[in-house]
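Student: Could you take me through one part of this structure slowly? I would like to see how a single spot is put together.

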Amino acid sequence: MGAGGTPSARASAPTPAAPHRHRATALHPGAWWLWALSLGTAATRTTNPLLLALLITVSAYVVITRRPHAPWSRSYGAFVKLALAVLLIRLLFTTLLGSPIPGTHTLLTLPEVPLPDWAQGIRLGGRVTAEGLTFALYDAMKLATLLICVGAANALANPSRLLKSLPGALYEMGVAVVVALTFAPNLIADVHRLRAARRLRGRPDRGVRGLLQVGLPVLEGALERSVALAAAMDARGYGRTAQVPARVRRTTAALTLGGLLGVCAGTYGLLTAAGGTYGIPVLLAGVAAAVAGLWLGGRRTVRTRYRPDRWDARAWLVTASGATVAALLFLAAARDPAALHPGVIPLTAPALPLWPAAAVLVGLLPAFVTPAPEPPSSKEPS
């Protein structure tokens, strides 16, 4: 090759440091999870469909603008479909089994099946009222919003990088969770790839026959990945532990178990009206005990971290934006519960409370302070 071709070849070659620079500017995966879980926590404080729809819109916008081009980031659509299925199932159950909400606007009347005396309080069929369906829709939207927020965390946070950021005491459990979260999007990608290949060959990709023809190769690929992952983990010495005194192990177990019980009791107190006085102190004490137990438990794990992710100012901003949304909706639920929990008797259109809606918009901050995703790599002819 002549001397004139060498500079152009060097110019067209990809720069090896580019992925490292993008990795250095990428957001910590734990910040994405804290942001998404905070939005999901905010969703549990309201049944107002307008606020819930606004929470879904905020999470969807951040996912669209900041989702990386990776196989594991395609799981967001699956969570949206799961949320829609939750809505339909809840409405179907309300239609068939009735609703505890009395109503005067009858939409239809189904044939009612008589039940024995021991099944009092349960009915099959009967009147279907608009008030009952509206109440079921409001309640189901809360769970659907929570599922979509979890899907946003799955689409934004790299599971392998999240595993590296876990405390040493949670390493084994984190491996199992991250492997599951990694394999689920890969299964979805395999299904799309195999269905596209069958369509190109003129073969059916829907129905029972198409499901069987697609499901077997997907299962085979999952087993091959599992075997390869097990071999890689065994080669890297997965499962090695350090020698720790028995008293340290007992102290670690007591702190971790007591901290988790405190977190559960404090969370229950926050979610109920009667436990509002003790919820926050018990929750903080539980978190402190759990963190101390995890720190002590990390001493028995012998492993190092290659290029650990940094928790920088942007991670604090992303986490703070989600925590602000959750805190403001907690405050709004305490000060104006009627606005966040619209009634269905009488049946009226829900109103959008202004300052809680403005608080939800704070969750859009990650779309402006985090780096844009790296464009997909494309091989161009030199």
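Tutor: Here is a walk around one charged pair, followed by a look at its surroundings and a few other places in the chain.

Keep in mind that this is a predicted model. The chain is built from 15 helices and two strands, and 34% of its 382 residues are buried. Among contacts with a separation of 6 or more, 80% are between residues 24 or more positions apart. The chain exposes about 22,500 Å², and carbon and sulfur atoms supply 68% of that area.

Let us start with Arg90. You will find Arg90 in helix 5, which covers residues 76–97. Is Arg90 buried, partly exposed or exposed? Its relative accessibility is 29%, so Arg90 counts as partly exposed. Side chains of opposite charge can pair when their charged atoms come close. Arg90 has such a partner: Asp139 forms a salt bridge with Arg90, and the closest N and O atoms are 2.8 Å apart. This pair links distant parts of the chain, since Asp139 sits in helix 6 (residues 130–156) and Arg90 in helix 5, 49 residues apart. With 28% relative accessibility, Asp139 is partly exposed.

Now look at what else surrounds Arg90. Setting aside neighbours within four places in sequence, Arg90 is in contact with Phe135, Ala136, Asp139 and Ala140. Leu137 gives you another way to see the fold here: Arg90 and Leu137 are 47 residues apart in sequence, yet 7.5 Å apart in space from C-alpha to C-alpha.

Helix 5 also helps to build a nonpolar patch on the surface. The patch is formed by Ile89, Leu92, Phe93, Leu96, Leu97, Val113, Leu115, Ile122 and Leu124, which together have about 770 Å² of accessible area. Which element gives the largest share of the nonpolar patch? That is helix 5, with five residues. Ile122, another member of the patch, is found in the loop between strand 1 (106–113) and strand 2. Ile122 has a relative accessible area of 53%, so this residue is exposed.

Follow the chain into strand 2 and you meet Thr129, as strand 2 covers residues 124–129. In contrast to Ile122, which is exposed, Thr129 counts as buried at 8% relative accessibility. The side chain of Thr129 reaches the backbone nitrogen of Gly132 at 3.2 Å. Not counting residues up to four places away in sequence, Thr129 touches Ile101, Gly103, His105, Thr106 and Leu107.

Back to charges for a moment. How many salt bridges does a search of the whole structure find? There are two. Besides the pair made by Asp139 and Arg90, Arg314 forms a salt bridge with Asp312, where the closest N and O atoms are 3.0 Å apart. Asp312 counts as partly exposed, at 22% relative accessibility.

Aromatic rings make pairs too, and the count comes to two aromatic pairs. In one of them, the rings of Trp32 and Trp35 have their centres 5.9 Å apart and their planes at 80 degrees, so the pair is edge-to-face. The cut-off behind that name is that planes over 60 degrees apart count as edge-to-face. Trp32 and Trp35 are three residues apart in helix 3 (residues 29–43), which means that about one helical turn separates them. Trp32 is buried at 5% relative accessibility, and Trp35 is buried at 0%.

The rings of Trp311 and Trp316 also form a pair: their centres are 5.7 Å apart and their planes are at 80 degrees, so this pair is edge-to-face as well. The setting can be read from the accessibility values: Trp311 is partly exposed at 31%, while Trp316 counts as exposed at 56%.

One last stop is a detail of the backbone. Most peptide bonds are trans. The peptide bond from Ile345 to Pro346, however, is cis, with omega near 0 degrees. Pro346 lies in the loop between helix 13 (337–340) and helix 14 (354–360).

To return to where we began, the spot to keep in view is the salt bridge between Asp139 and Arg90, a pair that links helix 6 with helix 5.

Conventions
Residues are numbered from 1 along each chain as its sequence is written. This is a predicted model: local features need pLDDT of at least 70, side-chain atom pairs count only at pLDDT 80 or more; totals for chains, interfaces and linings use all residues. Side-chain values use heavy atoms; hydrogens and water are left out. Rings of Phe, Tyr and Trp (its six-membered ring) pair if their centres lie within 6.5 Å; planes under 30 degrees apart count as stacked, over 60 as edge-to-face and the rest as tilted. Helices (H or I, at least four residues) and strands (E, at least two) are DSSP runs, numbered from the N terminus. Buried means under 20% relative accessible area, exposed over 50%, partly exposed in between (1.4 Å probe, protein chains only). Contact means heavy atoms within 4.5 Å. A polar contact is a pair of N or O atoms within 3.5 Å; within protein, one must be able to donate a hydrogen and the other to accept it, and residues adjacent in sequence count only if both atoms are side-chain atoms. Patches are made of residues with over 30% relative accessible area and no salt bridge: like charges are joined within 9 Å, nonpolar side chains (Val, Leu, Ile, Met, Phe, Trp, Tyr) within 5 Å. Accessible areas come from the Shrake-Rupley method with a 1.4 Å probe; for residues, only the protein chains shown count as cover. A salt bridge is a side-chain nitrogen of Lys or Arg within 4 Å of a carboxyl oxygen of Asp or Glu.
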